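Subject: Structure for your files

Hello,

Here is the structure I said I would pass on. My notes on it follow below.

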Amino acid sequence: MPGPALLLVAMAVLHTGGALATELFGSLGPAGTTWLRLSFAAVMLLAFTGRSLWHVVRTALRADLLATCLLGAVSAGMMLLFSEAAARLPLGTATALEFLGPLAVAVAASRRPRELAWLGLAASGVLLLTSPWGGAASLAGVLFGLGSAACWALYVIGTAHVGSRFSAQHGLAISLAVATVVAAPFGAPGVVTGVTWETAAAAAGIAVLMPLVPFLLEMMALQRMGKTAYGTLAGLEPAVSMLAGVVLIAQTPDLQQLAGTVLVVVAGIGAARADSSRA
């Protein structure tokens, strides 16, 4: 399957899982929900890769293993912070904030000062989404979203590197195992006190939708397409997330939020195309 198709499927699955995961926040908390999903996804993938993973670990260069472990730590931070943002903000708004990370990477890659205009356009969109002048948006949610953006920027860089050293399933198995360990101090307490058989089963199912399948597909997509094509399609993330919020959890945006999402999407696509023209 071509890389762009893989990425579009990954986005649809990712934001479906993200929307459904918010339904578990009340019983497990954002961090607990994230850690339980990570744990299930890591166990599934470790079981799937089995002996082949052990061979890969024994023969891999130490520097490549270290890079994969760092990717796992960044993945944990990205997911934990995004969940905290999504617990306080509409899903589309949280995603738009998080998307500032890969957008900044695309602008930095262009190395042309005028491309900073795309960041300005995205910032205008975020202002419309959060409306700081009205005080409606949670300041904590915005800060969590910006923290997630920083992690996503590192995730994009790290995924490209790890994907060039390992197969998608092996690289993801290692990074998810590390992410589970890193997220444990934040999420495990909420799971211990709030988990039931029903929430555990729901988390296991959602773990397939987010992060297992989309992370695998994203890593495979980056192995088959360039940064520009990836960045262009990734620019649709806030719109896909908003749509998932509307369809699955009835988060209906107003006109101002719709306009803000459009500005962020246009900025993301524009920055990616600018990087293409430079190349």
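Thr-199 has a relative accessible area of 11%, so it is buried, the cut-off being under 20%. Please keep in mind that this is a predicted model. Thr-199 sits in helix α8, which covers residues 197–224. Once neighbours within four places in sequence are set aside, the contacts of Thr-199 are Leu-24, Ser-27, Leu-28, Leu-36 and Gly-194.

As for the overall fold, the protein has 11 helices and zero strands, and its pattern along the sequence reads α-α-α-α-α-α-α-α-α-α-α. The radius of gyration is 18 Å, close to the 19 Å given by the globule rule for 279 residues, so the protein is as compact as a globular protein of that length. The C-alpha trace spans about 50 × 45 × 30 Å along the principal axes of the protein.

On packing, 54% of the 279 residues count as buried. Taking the contacts between residues at least 6 apart in sequence, 89% join residues at least 24 apart.

On the surface and charges, the accessible surface of the protein comes to about 12000 Å², and carbon and sulfur atoms account for 72% of that surface. The protein has 13 positive and 10 negative charges, and the mean positions of these two sets lie 15 Å apart.

Regards

Methods:
Residues are numbered from 1 along each chain as its sequence is written. This is a predicted model: local features need pLDDT of at least 70, side-chain atom pairs count only at pLDDT 80 or more; totals for chains, interfaces and linings use all residues. Side-chain values use heavy atoms; hydrogens and water are left out. Helices (H or I, at least four residues) and strands (E, at least two) are DSSP runs, numbered from the N terminus. The radius of gyration is taken over C-alpha atoms; the globule rule is 2.2 Å times the number of residues to the power 0.38. Buried means under 20% relative accessible area, exposed over 50%, partly exposed in between (1.4 Å probe, protein chains only). Contact means heavy atoms within 4.5 Å. Accessible areas come from the Shrake-Rupley method with a 1.4 Å probe; for residues, only the protein chains shown count as cover. Lys and Arg count as positive and Asp and Glu as negative; His and the chain ends are not counted. The place of a charge is taken as NZ of Lys, CZ of Arg, CG of Asp or CD of Glu.
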